[in-house]
Amino acid sequence: MVASRRHQQARRRWGLPALLVAYVGYLGLGAGVLQALERPAEVREAQHLLQQHWELLANYTCLRGPALQRLIEGIIQAYKSGITLQGNTTSLGRWDFSGSFFFSISAITTIGYGNLSPSTVAGRVFCILFALFGIPLNLVLLNEIGQLMLLGVQRCAHRIEEVFHWQKKASLLVKTVALVTGLLLFLLLPPLLFSDKEGWSYEEGFYYSFITLSTIGFGDYVIGMNPDRTYPGWYKNVISLWILFGMAWLALVIKLCINLLESSSDFSLYIGWCRQIQLVAGGEGECVLQVFRVHCAVPKMCNNVQLGVASCNCYVSAYKFQQKDSTPHL
């Protein structure tokens, strides 16, 4: 037990620094790869833009550099506000009700595409207050939707167990079906809709789907923003629902991955405890998980293999009960 406590203390002492090193290293890896992939394209685009700028001034000598620069800046600012030139007219529509509703969704879900933002003082103040109360509301709703999805999966697994008398296979089967269904509904099929309505490639649509549902929200691809296309009235509303349910599903998947990582770490610690108990018992005892489950005074912890000091003591008690004739008092 002393060795197991020392192991646990060492894990707590070095766990956070090791995690920080891995975190910074992962960020450094991402930065290096992205720089190698994207920097050459950035340089080419900058050279191309500069060449077009000088060609325009050379071909139209009546233009002056400062005046052209002001025109370009005005066009960029208007585009950020959702206004584009179409011949002798301008296009509006980003701040109609459907566009405003989609902006509200992107605000409280913390996606924050960045392609559209309030330009008035009153609009910015309202956006702060709206997000202040909307973000917690969104988290509560996502949690409820996620719990509902999880409950549906558990009920299906229980039903299959009753009908086919599958105990271990039912849960795995239902979780696999839920994962595949979610992949189809939220990641694999939506790019087909985006290809039809936005003119994107499948890869671009899949990229937009993941960046949106993971709330990264770069803003390089945003639905309903092409002034050359006509969008149906239901389009942004359906995408808003897709975002809501898709975020809940992806949160469950991410949570499952986190649980798998944590359980693998806890299982290694559990094995260490088992070996320590075997050493105290003189090497005669067997480290059997079933004994741990049956004789444990805290069945819930045993069933979930949620390990801690209480679980270790629980296993020691179970082990002493099983080996009380040969095991010394711990």
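1. Start with the aromatic rings. Phe 102, Tyr 113, Phe 194, Trp 200, Tyr 207, Tyr 208, Tyr 221 and Trp 242 are joined by ring pairs into a cluster. Keep in mind that this is a predicted model. The count of aromatic pairs comes to 14.

2. Look at one pair from that cluster. How do Phe 194 and Trp 242 meet, edge-to-face or stacked? The pair is edge-to-face. The centres are 5.7 Å apart, and the planes make an angle of 75°. Planes over 60 degrees apart count as edge-to-face, so the label follows from the angle. Phe 194 and Trp 242 are both buried.

3. Now place that pair in the fold. Phe 194 belongs to helix α6 (residues 190-198). Trp 242 belongs to helix α8 (residues 235-280). The two parts are 48 residues apart in sequence, so the pair ties them together.

4. Compare a second pair. The ring centres of Tyr 231 and Tyr 235 lie 5.6 Å apart. Their planes are at 5°, so this pair is stacked. The cut-off for stacked is under 30 degrees. Is Tyr 235 buried or exposed? Tyr 235 is buried, and its relative accessible area is 0%.

5. Step back to the whole chain. It has eleven helices and two strands. Where do the strands come in the order? The pattern along the sequence is α-α-β-β-α-α-α-α-α-α-α-α-α. Two helices come before the strands, and the rest of the pattern is helix.

6. Next, burial and surface. The chain has 330 residues, and 26% of them are buried. The exposed area is about 22300 Å². Carbon and sulfur atoms supply 65% of that area.

7. Contacts also reach along the sequence. Take the contacts with a separation of 6 or more. Of these, 57% are between residues 24 or more positions apart.

8. Helix α4 deserves its own point. It covers residues 121-164, which is 44 residues. From first C-alpha to last, α4 reaches 63 Å. That is close to the 64 Å expected at 1.5 Å a residue.

9. Where does α4 bend? The bend is at Gly 134, by about 30°. A proline, Pro 136, follows within four residues. Gly 134 is also one of the buried residues of α4. The others are Ala 131, Asn 138, Leu 142, Ile 145, Gly 146, Ala 157 and Ile 160.

10. Last, check the end of this helix. Just after α4 comes His 165, with a positive phi of about 60°.

Terms used:
Residues numbered from 1 in each chain as written. Predicted model: local features only at pLDDT ≥ 70, side-chain atom pairs only at ≥ 80, totals over all residues. Heavy atoms only, no water. Buried < 20%, exposed > 50% of the residue type's maximum accessible area, 1.4 Å probe, protein only. Contact = heavy atoms within 4.5 Å. Areas by Shrake-Rupley, 256 points an atom, 1.4 Å probe, with all protein chains shown as cover. Expected span 1.5 Å × (residues − 1). Bend = angle between axes of the 7 residues up to and from the residue. Phe/Tyr/Trp six-rings, centres within 6.5 Å; stacked < 30°, edge-to-face > 60°.
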